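This report introduces a single protein structure to a reader who has not met it before. The sequence and the model are shown first, and a description of selected features follows.

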Amino acid sequence: MFGLEALDLARIQFAFTISFHILFPAITIGLASYLAVLEGLWLKTRNDTYRDLYHFWSKIFAVNFGMGVVSGLVMAYQFGTNWSRFSDFAGAVTGPLLTYEVLTAFFLEAGFLGVMLFGWNKVGRGLHFFSTVMVAIGTLISTFWILASNSWMQTPQGFEIVNGQVIPTDWLAIVFNPSFPYRLLHMATAAFIATAFFVGSSAAWHLLRGRDNPAIRTMLSMAMWMALIVAPIQAVIGDFHGLNTLKHQPAKIAAIEGHWENHGDEATPLILFGWPDMKEERTKFAVEIPYLGSLILTHSLDKQVPALKEFPPEDRPNSTVVFWSFRVMVGLGFLMIFTGLWSLWLRKRDSLYTSRPFLHLALWMGPSGLIAILAGWFTTEIGRQPWVVYGLMRTADASSNHSFLQMSITLVMFVVVYFALFGAGLGYMMRLVRKGPKLSEGTDTPDGGPGKKRTPARPLSAADDPGEGEHEDDTRLTKEI
């Protein structure tokens, strides 16, 4: 059907499940650190705005964390069900790395998560803050091990092959493989940026509807400071990551650039737009800038970038896909930098919270970080093809011996269940976002903190019953507007 085989369906199924999964850990990583910052600021300043924001975002964090755990378990099982040959070949490396992630990160998060979410009135301030920090550290440790495993598949080292299986010989070399530091920084930074734009978009939504208060303004302000500072840093990290990829995976860079052949000693141009055609072995409708490809990728004006025709056809990644997925990621990155710079200009003019054109941009930029993460992930994984372990094992040799019918049925089941289950979860999370933070000022809720009476943070029962309070909110917002 459509020229697809069982292997193609196995790849689509894994891509589908990981595309869902990667969104939740990204927000979890960013929100965990954001919550630690909010609670730390509240402890330092005793400004109730930070406390109110903490309770608000902890509810969203809890829902997001739960969906991330569920989607991650499903993805992990696929290594045994759909990719058993890969597990048999490289399980001695990937298995322990994922086990270390569970032992050091997941247990740390799970151990302190209950105190963080439900211990606000039951433990002291110091212990509660410590729990929040431990959860945040746990998410980063989890990122460390997951990226170590994936990076080893991209740039494997520290092993030997015995009887057709990878045997570890140097765990430090395995973990700290050549691409690992760049991928770790790139992914962690992407998670922080994605969370910043998610938070900023939520604030912009409320401001555009006339809900202007210190908590909403603080959300937007902190998000835009993060965008202003971190988005340019991410561009620098991406540049170093690209140089590392050029060294270790030149075919991927050639596919990303849609660069098919070098002519004499001419420098490599940068193809801004075009349509790489894998059959005709050329990029159609190319819009080029002379020399810029060499300047960006080699930091010189005379060195050439390897071309796709220098590699056998069977070793070439799909340039049509990675060419455009990379440009989606980079294009959104430039938009993020522009948004941060615009926010700084408006901040100096004291109109950050009132400029409707900017607020509309901030609103629409909400999913930009997550889209950029998906685009970057597609670039990384499809650009590695046809290898599942680069240079060692081809993807075609890694899949289980399932039939086309079996893969078709399971893929359809995954699509139906995922959209139903996670669609409901995302809908609930967006409902929490629409409600906005509940302020302590102007309510009959007594002031307090850890160890004092106050409305507890109940993440899984935070939203009112259907319809409860919504008419009152609409009436109040209408009057304010």
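## A report on selected features

Residue S142 lies in helix α4, which spans residues 125–154. The model described here is a predicted one. S142 has a relative accessible area of 14% and is therefore buried, since buried means under 20%. Leaving aside residues up to four places away in sequence, S142 touches E101, A105 and E109.

### The nonpolar cores

The largest nonpolar core contains 90 residues, and those that touch the most other members are W57, I60, F61, F86 and M219. Helix α1, covering residues 6–45, gives the most to this core, with 19 residues. Apart from this core lies another, made up of twelve residues, including F197, L332, M336 and M365. In soluble globular proteins, nonpolar side chains tend to be buried together.

The surroundings of W57 can be listed in full. When residues up to four places away in sequence are not counted, W57 touches L31, Y34, L35, L38, F198, V199, S202 and M219.

### The contact of α2 with α7

Helix α2 comprises residues 48–81 and helix α7 comprises residues 214–248; their axes come within 9 Å and cross at roughly 75°. The two helices are therefore roughly perpendicular to each other, because angles of 65 to 115 degrees count as such. On the side of α2, the contact is made by T49, Y50, L53, F56 and W57, while α7 supplies P214, A215, T218, M219 and M222. Eight of the residues in this contact are nonpolar, two are polar and none is charged.

W57 and M219, both named in this contact, are also among the residues that touch the most other members of the largest nonpolar core. T49, which lies in helix α2, has a relative accessibility of 13% and so counts as buried. T49 touches P214, A215 and T218, again not counting residues up to four places away in sequence.

### The hairpin of β1 and β2

Strand β1, residues 159–162, and strand β2, residues 165–168, run antiparallel and are joined by four bridges. One of the pairings involves E160, whose bridge partner in β2 is I167. The hairpin has two residues between its strands, and N163 takes a positive phi near 55° there.

### Backbone features in loops

Two residues that are not glycines but have a positive phi are set out below, each with its loop and its accessibility.

| Residue | Phi | Loop | Relative accessibility |
|---|---|---|---|
| R46 | about 60° | between α1 and α2 | 41%, partly exposed |
| N163 | about 55° | between β1 and β2 | 77%, exposed |

R46 counts as partly exposed because its relative accessibility is 41%, and partly exposed covers values between 20% and 50%. N163, with a relative accessible area of 77%, is exposed, since exposed means over 50%.

A further backbone feature concerns a proline. The peptide bond from Q385 to P386 is cis, with omega near 10°. P386 itself lies in the loop between α12, residues 368–384, and β5, residues 387–389.

Conventions: Residues are numbered from 1 along each chain as its sequence is written. This is a predicted model: local features need pLDDT of at least 70, side-chain atom pairs count only at pLDDT 80 or more; totals for chains, interfaces and linings use all residues. Side-chain values use heavy atoms; hydrogens and water are left out. A nonpolar core is a set of buried Ala, Val, Leu, Ile, Met, Phe, Trp, Tyr and Cys residues joined through side-chain atoms within 4.5 Å. Buried means under 20% relative accessible area, exposed over 50%, partly exposed in between (1.4 Å probe, protein chains only). Contact means heavy atoms within 4.5 Å. Two strands pair if DSSP finds at least two bridges between them. Axes are lines fitted to C-alpha atoms, for helices over the stretch in contact, and angles run from 0 to 180 degrees between N-to-C directions. Angles under 35 degrees count as roughly parallel, over 145 as roughly antiparallel, 65 to 115 as roughly perpendicular and the rest as oblique. Ala, Val, Leu, Ile, Met, Phe, Trp, Tyr, Cys and Pro count as nonpolar, Asp, Glu, Lys and Arg as charged, and the others, Gly among them, as polar.
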